[in-house]
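Welcome, and please load the model in your viewer with a cartoon and side chains ready to toggle. We will go from one selection to the next, with a short note on what to look for at each stop.

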Amino acid sequence: MSSTNAQFSQVLSKTLPPEMSFNLPKESVYAERQTVQFTAQGGPKFAPGNSISVLLPPRDDMMDTHCTFLQFSAKTTDANVAFCDGIFSVIDRVRIYSASGALLEELPYYNLRQRIEADVTVPQYLKDSCLGVAQGYFASGADKFAVSSGLHRYMLPIKSALLANQKHLPMKYTGGIRVEFTLAPGSDACIVKNNAIPGYTVKDVCIVSDLIKLNDQQIAVMDAAFKKQGLKLFGTTYNHHFLNYLVPNSTLNISDRLASQKDILLSFRDNAVLNDNAKDSFLRAKTITSYQFSVAGRLFPQRPIRCDDYASEAFVELTNAFHGHIIGAGLTVDKFNAPAEGTFVVGRDLESSRTVVSGDKSCKSQAVDMQVILTSSVAPNQRVDAFIGIDVVYEFLPTGEINIYK
């Protein structure tokens, strides 16, 4: 059987009812793409503890957040000082503000959260690539002290609800936003040898983004829609909590009563490692023997997860929390099970399904805290960080009002 476009069009015209027939416009709607650099205010050089602000002004363009990166140059202050693996180590906190100064999103301990994600999801071959090196990972066999003490240009995605979860961000209707990065102390971001003092400098900071320029027809349609119903943006972010873990067998409360809790990550860091400048402060310890969560009186899972031997049960739970994306270089048996300087992390998926919004709302609806039940064979000497993943909705109204639902 043979067919041609002419035959197809004839069949189609007879098959479709008249009201479904249409003609293509003579001139297709177009969009022009350009790369724009938004430069940080102040500077050009910044030191540990400084806050760096970058303004993303309102304009008719759409920001392609998948092609938006933080760029900066950085080097350590001494040849005996090296960055920790991943240049995100220098970013202690990210805050995003509206044009009026309202806090829209806060991401504390950003470097630790990104390090956990990197250990779980970034394989060694990616660290060895040009992209990996540009994100501050050390290629196999690289001298991290020699690399870090030289001035290099780095490029990082910005992991946030507003600047990562949207494919296209309509800048005009946000009214403009300001992104603030707070630099971490040198003792957190670096390791040293020969008793050097940890420190570094950052310069020439900017956000580089692909912007999609719309034509007048597209802008008119979007303006009309915004005036009628405003703009709603959906995303995922996280909250951070410290847990006071002092007794080997403990039940710890996490007060995080929000409408859609997606997952939880627990990081255990040995205080002796944290207080030693010669050691990577983002390395984690596995000393607990089991864990279990209680959410509004329901146990997740029904029996404690064992962490002894090779911690295989905990590894399966972590796999579920990251939806199967576990190919990281930090997941080898020796690293994941190290008692002090490893990559162990507890992960628990709280979603009921894989729909857009399916997180657990029990803590908010019943006004109760989440609890984590831990057992250990040794007295804890650790700092425990909890990261709760949550859904969030931003509503930008024509009046300039901004509502945040979470």
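**Stop 1: the second largest pocket.** Keep in mind throughout that this is a predicted model. Begin with the second largest pocket, whose volume is about 400 Å³. Its lining has 22 residues, and the ones closest to its centre are Asp85, Arg115, Lys127, Lys144 and Lys335. Select those five and centre the view on them. Now colour by element: α2 and α3 (124–127) are the ones that give two or more residues to this lining. Which classes make up the lining of the second largest pocket? Colour by residue class and you should find 8 nonpolar, 6 polar and 8 charged residues.

**Stop 2: the largest pocket.** Next, move to the largest pocket, which holds about 1,200 Å³ of space. Select Arg113, Glu117, Lys159, Asn165 and Thr236, which lie nearest its centre among the 47 residues of the lining. Which element supplies the largest share of the lining of the largest pocket? That is α2, with 6 residues. You have just met α2 at the second largest pocket, where α2 gives two or more residues to the lining.

To see the other contributors, highlight the elements that each supply at least two lining residues. Among them are these:

- the strands β4 (62–76), β7 (103–108) and β8 (152–157)
- the strands β13 (231–243), β15 (261–270) and β20 (382–396)
- the helices α2 (110–121) and α4 (130–134)

By class, this lining comes to 24 nonpolar, 15 polar and 8 charged residues.

**Stop 3: a salt bridge.** Stay where you are and show the side chains of Lys159 and Glu117. These two form a salt bridge, with 3.0 Å between the closest N and O atoms. What does the pair tie together? Lys159 sits in the loop between β8 and β9 (168–170) while Glu117 belongs to helix α2, so the contact links parts that are 42 residues apart in sequence. Both residues are also on the list of those nearest the centre of the largest pocket. If you would like to hunt for others, the whole structure has 21 salt bridges.

**Stop 4: the sheet beside α2.** Follow α2 to the strands it lies across, β6 and β7; the helix runs at about 110° to β6. These strands belong to an open sheet of 4 strands in the order β3-β10-β6-β7, with antiparallel pairing. The edges are β3 (51–56) and β7, each of which pairs on one side only. Turn the sheet end-on to look at its twist: neighbouring strands are turned by 15° against each other on average, direction ignored.

Now zoom in on β6 (residues 91–98) and β7, which pair in the antiparallel sense over 5 bridges. Select Ile96 and you will find Glu105 of β7 opposite. Select Arg93 and the residue opposite in β7 is Pro108. The two strands form a hairpin with 4 residues between them, and Gly101 in the turn has a positive phi of about 100°.

**Stop 5: a second open sheet.** Select β14, β19, β16 and β17, which form an open sheet in that order with antiparallel pairing. The edge strands here are β14 (250–254) and β17 (298–306), each pairing on one side only. The twist averages 15° from one strand to the next. Helix α10 (residues 312–321) lies across β16 and β17 and runs at about 135° to β17.

Strand β16 (residues 288–295) is joined to β17 by 5 bridges, and the two run antiparallel. Pick Phe293, whose bridge partner in β17 is Phe300. Then step one bond along: a cis peptide bond joins Phe300 and Pro301, with omega about -15°. Pro301 is found in strand β17 as well.

**Last stop: a backbone angle.** Finish by selecting Asp204, which is in strand β12 (residues 200–214). Is its phi positive or negative? Asp204 has a positive phi of about 50°, although it is not a glycine.

Notes: Residues numbered from 1 in each chain as written. Predicted model: local features only at pLDDT ≥ 70, side-chain atom pairs only at ≥ 80, totals over all residues. Heavy atoms only, no water. Pairing = 2+ DSSP bridges. Axes fitted to C-alpha atoms, helices over the stretch in contact; angles between N-to-C directions. Contact = heavy atoms within 4.5 Å. 1 Å grid on protein atoms, 1.4 Å probe; cavity = no way out; pocket = protein on both sides within 12 Å on 5 of 7 lines; lining within 4 Å. Points joined across faces, edges and corners; volume = space filled by probe spheres on them. Nonpolar A, V, L, I, M, F, W, Y, C, P; charged D, E, K, R; others polar. Salt bridge = Lys/Arg side-chain N within 4 Å of Asp/Glu carboxyl O.
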